[in-house]
Amino acid sequence: EATGWPSANFKGGKAELLAGLSENSAELASFIATKDNSFLESAITYKNTKGIEFNNKVEDILYHVVNHASFHRGQLVTMLRQLGFDKFPPQDLIAYIRELK
C-alpha cells in the first residue's frame with residue numbers, strides 16, 4: 001500500500017535520480033520475469049495514498065504504470081520545450097520497439 005510519495009524525502013540530484021529510476025526499472029523487470037501468467041491474471045487489493053481501496057488485475061496495473069509513465073514523459077517534453085529545448089529522441093513506444101530489433 002502506498003503511504004506517501006516515494007520522492008517526498010529525496011535529497012539527491014540528477015545523477016541519483018537517474019540511477020534510482022534505472023534501478024527501479026531493473027527491479028520491476030526482474031520481479032515480473034519471475035512470475036507466470038497466472039500471477040499477471042490474478043487480482044490484488046490495495047489502497048492508494050488517500051486510503052481508498054481498489055481491486056485490480058496485476059496485468060491492468062502494469063498497463064497503467066506504462067501508460068502513466070507516457071503521460072509524464074509528455075509533461076517533461078512540454079516543460080523542456082518551454083525552456084527552449086527542441087531536440088529529443090523519439091518518445092513513442094513503437095520507436096522504442098523498433099530500436100530493440
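## A pocket, a patch and a salt bridge

The lining of the largest pocket is made up of 30 nonpolar, 13 polar and seven charged residues. Keep in mind that this is a predicted model. Besides that pocket, with its volume of about 2800 Å³, there's a nonpolar surface patch of about 510 Å² to look at, plus one salt bridge.

**The largest pocket**

- Start with the space itself: the largest pocket has a volume of about 2800 Å³, and of the 50 residues lining the largest pocket, Leu21, Asn24, Val65, His68 and Ala69 sit closest to its centre.
- Several elements chip in, with at least two lining residues each from α1 (14-33), β1 (43-47), β2 (53-57), α3 and α4.
- The top contributor is α3, which gives 17 residues to the lining of the largest pocket.
- As for how such a space is found, rolling a probe the size of a water molecule over the atoms shows where empty space is left.

**The salt bridge**

- The structure has one salt bridge, and its partners are Glu59 and Lys57, whose closest N and O atoms are 3.6 Å apart.
- Why does this pair count as a salt bridge? Because the cut-off between a side-chain nitrogen of Lys or Arg and a carboxyl oxygen of Asp or Glu is 4 Å, and here the closest N and O atoms are 3.6 Å apart.
- In general, side chains of opposite charge can pair when their charged atoms come close.
- Both partners are partly exposed: Glu59 has a relative accessibility of 27%, while Lys57 has 33%.

**Around Lys57**

- You'll find Lys57 in strand β2.
- Lys57 and Ala43 are 14 residues apart in sequence, yet their C-alpha atoms are 3.9 Å apart in space.
- With a relative accessible area of 33%, Lys57 falls between the 20% limit for buried and the 50% limit for exposed, so it counts as partly exposed.

**The nonpolar patch**

- Five residues make this surface patch of about 510 Å²: Leu76, Met79, Leu80, Leu83 and Phe85.
- Where is Phe85? Look in the loop between α3 (58-82) and α4 (93-100).
- Is Phe85 buried, partly exposed or exposed? Its relative accessible area is 48%, so Phe85 is partly exposed, as the exposed class starts over 50%.
- That 48% also fits the patch rule, because patch residues need over 30% relative accessible area.

Terms used: Residues are numbered from 1 along each chain as its sequence is written. This is a predicted model: local features need pLDDT of at least 70, side-chain atom pairs count only at pLDDT 80 or more; totals for chains, interfaces and linings use all residues. Side-chain values use heavy atoms; hydrogens and water are left out. Patches are made of residues with over 30% relative accessible area and no salt bridge: like charges are joined within 9 Å, nonpolar side chains (Val, Leu, Ile, Met, Phe, Trp, Tyr) within 5 Å. Accessible areas come from the Shrake-Rupley method with a 1.4 Å probe; for residues, only the protein chains shown count as cover. Helices (H or I, at least four residues) and strands (E, at least two) are DSSP runs, numbered from the N terminus. Buried means under 20% relative accessible area, exposed over 50%, partly exposed in between (1.4 Å probe, protein chains only). On a 1 Å grid over the protein atoms alone, a cavity is a set of points where a 1.4 Å probe fits but cannot get out, and a pocket is an open set with protein on both sides within 12 Å along at least five of seven lines; lining residues have an atom within 4 Å of a point. Grid points are joined across faces, edges and corners, and a volume is the space filled by probe spheres set on the points. Ala, Val, Leu, Ile, Met, Phe, Trp, Tyr, Cys and Pro count as nonpolar, Asp, Glu, Lys and Arg as charged, and the others, Gly among them, as polar.
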